[in-house]
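Q: I'd like to zoom in on one small part of this protein and then work outwards from there. Could you take me through it slowly?

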Amino acid sequence: MEIKSHDLLASFMDLLMDAVLAVDSQGKIVVASAACERVFGYTPQEMVGRNMLEMVFPEDLDRTMQTANEVMSGNPLLYFENRYIRKDGQIVDIMWTARWSPEDQLRIGVARDITERKRAEALQAALYEISEAAYAADDLISLFARIHHIVGSLLPADCFSVTLYDEDKDQLTFPYLVDKLQWTEQAAKPAAGTLCAEIIRSGQPLLLTPEDIAAGGALMQSALEPHVLSWLGVPLKSQKGMIGVLTVKRYLGGVSYQLKDQELLQFVSTQIATAIERQKMQARLQQLAQYDALTSLPNRELLTNKLEAALRSAEREQRHLALLYLDLDKFKQVNDSLGHDAGDTLLQEVAARLKLSMRETDMVARLGGDEFVVLLQDISSPDQAAMVVEKLRGVLAQPFEIDGHRLAICPSIGIAFYPDHGQDRHALLKHADKAMYREKHHRDGLIYPS
Ligand SMILES: Nc1nc2c(ncn2[C@@H]2O[C@H](COP(=O)(O)OP(=O)(O)OP(=O)(O)O)[C@@H](O)[C@H]2O)c(=O)[nH]1
């Protein structure tokens, strides 16, 4: 009677949706139920004799072996999760319950396929992380890098890129393109005739499997490098419309993308587009808060921050720095004689010349009106600062062509040297300002409208 009920139970085993396996102490599969084919892709006949560990996803191997040893030492296992590579190359998430049979010297395990649940959890987590990233990232590139990392944990890619679309120019730019984990530069190009243009036009994702690529003929093959196995692109749609395309590629030797991968990427794409828009908006607000709208130079706020930081590092490293306070003489006459717009243009051109004459490490800021401040960080003596001042005078002495008028403009420039003329920002700015005024009162700036 007892034997009969065992037989009955064994006959039910192949009806179970979960796979039942018996594995020896070396990991060799001795018994495999019918559901193995559904879960792992191999028939029970193909499974028996194989080593279970060969199928484990490499990153999970160490913890799997450790857990198997625990089971064999007599601790029954409940709800252990790891990943396997299926026969078709896809990854399957498994939840195990297992126990060691000392009489049979076998590990008996029940494997439940939890890939769908894991996928849903990972998607939720990814959505949350992407929206977090939109707030945390300092700039667009670091946002893209973060998104790459998040999407990479859901979907393997040999090449990951964010392509942005400029509707006015009908042009594509490639601000983020990472190929086999290598950063790659690609110049902007016209959108027409590209796969991305097709996605932008249709607003629909595009999945190219190896069969599609082969059937696509010369046109598709010329758009893709010969080593591309599979290509997947999804539109990035924000409230404003189509802002770009997110693409992933897999190269020969890998596994092709499938419809479920397309759905996954599409699912996160809206959140990604929103994050990009939010980051762009933040950058615009930051630009407005820190840069002068007329000349695009840093404003007083940004100068203050930069000066504070420069003073801290100069103090720490016992270095010098210089501040130049620059005010245009008789600038008001330009406004009065040629109009405010001409005055604006002159300020813009002065700003451009100042910026061009300085090094990357220096900063030229506009404080307002016709007043500018230059911060020289890489300076070792007051003489060097005086040389920079002479250079700036030379640069501004070249006449400006504004609205058909030739203008010569003369600046008054005051210098403050750290630490000689002050220890802090206020003292240095005050010193440079006073020095500038002293010079202005000793000399007349000249303007010659032609
Ligand atoms: N076009 C233009 N003018 C501005 C702007 N901001 C301030 N101004 C004008 O710039 C002038 C600056 O004043 P001042 O520095 O006293 O004029 P100045 O003629 O250069 O006087 P000195 O420096 O004593 O030679 C004022 O007439 C302001 O109205 C601006 O953004 N655009």
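In which helix does Cys 196 lie?

A: Happy to. Keep in mind that we're looking at a predicted model. Cys 196 belongs to helix H7, which covers residues 195–202.

Let's start with its surroundings. A residue counts as buried here if 20 or more other C-beta atoms lie within 10 Å of its own. Cys 196 has 24 C-beta neighbours inside 10 Å, so it counts as buried. Who does Cys 196 touch? Leaving out residues up to four places away in sequence, Cys 196 touches Thr 163, Leu 172, Ala 191, Gly 233 and Val 245. There's also Tyr 165: 31 residues separate it from Cys 196 along the chain, yet their C-alpha atoms are 9.0 Å apart.

Now follow those contacts outwards. Thr 163 and Val 245, both touched by Cys 196, also stand opposite each other, with Val 245 in strand S12. The strands behind that pairing are S6 (residues 159–166) and S12, which run antiparallel and are joined by six bridges. In case pairing is new to you, strands of a sheet pair through backbone hydrogen bonds, either parallel or antiparallel.

Strand S12 deserves a pause. It spans residues 241–251 and is mostly covered, with eight of its 11 residues buried. Besides S6, strand S12 pairs with strand S11 (residues 228–238), in the antiparallel sense and over 10 bridges. One example is Ser 230, whose bridge partner in S12 is Arg 250. To get from S11 to S12, the chain makes a hairpin through two residues.

Ala 191, another contact of Cys 196, leads us to a bigger group. There is a core of 38 residues that includes Ala 126, Ala 191, Val 234 and Leu 265. In soluble globular proteins, nonpolar side chains tend to be buried together.

That core lies apart from the largest nonpolar core, which has 41 residues. In the largest core, Ala 322, Leu 323, Leu 324 and Leu 375 touch the most other members. Strand S13 supplies the largest share of it, seven residues. Take Leu 324 as an example: not counting residues up to four places away in sequence, its contacts are Val 373, Val 374, Leu 376, Val 389, Ile 413, Ile 415 and Ala 432.

Strand S13 turns up again around the ligand. Of the 17 residues around the ligand, Asp 329, Phe 331, Lys 332, Gly 343 and Gly 369 come nearest. Strand S13 (320–328), helix H12 (332–338) and helix H13 (340–357) are the elements giving two or more residues to that shell. The largest share comes from H13, with four residues. By type, the shell divides into four nonpolar, six polar and seven charged residues.

One last stop, back towards the start of the chain. Here you'll find an open sheet of five strands in the order S2-S1-S5-S4-S3, with antiparallel pairing. Strands S2 (29–32) and S3 (77–85) are at the edges with a single partner strand each, so one side of each has no neighbour in the sheet. From one strand to the next, the twist averages 30°. Strands S4 (residues 91–101) and S5 (residues 106–113) are joined by eight bridges, and Ser 101 stands opposite Leu 106 in S5. Helix H4 (residues 61–72) lies across S3, S4 and S5, at about 145° to S3.

Key
Residues numbered from 1 in each chain as written. Predicted model: local features only at pLDDT ≥ 70, side-chain atom pairs only at ≥ 80, totals over all residues. Pairing = 2+ DSSP bridges. Axes fitted to C-alpha atoms, helices over the stretch in contact; angles between N-to-C directions. Contact = placed C-beta atoms within 7 Å. Near = placed C-beta within 6 Å. Nonpolar A, V, L, I, M, F, W, Y, C, P; charged D, E, K, R; others polar. Core = buried A, V, L, I, M, F, W, Y, C linked by C-beta atoms within 7 Å. Buried ≥ 20, exposed ≤ 12 C-beta atoms within 10 Å, placed from the backbone.
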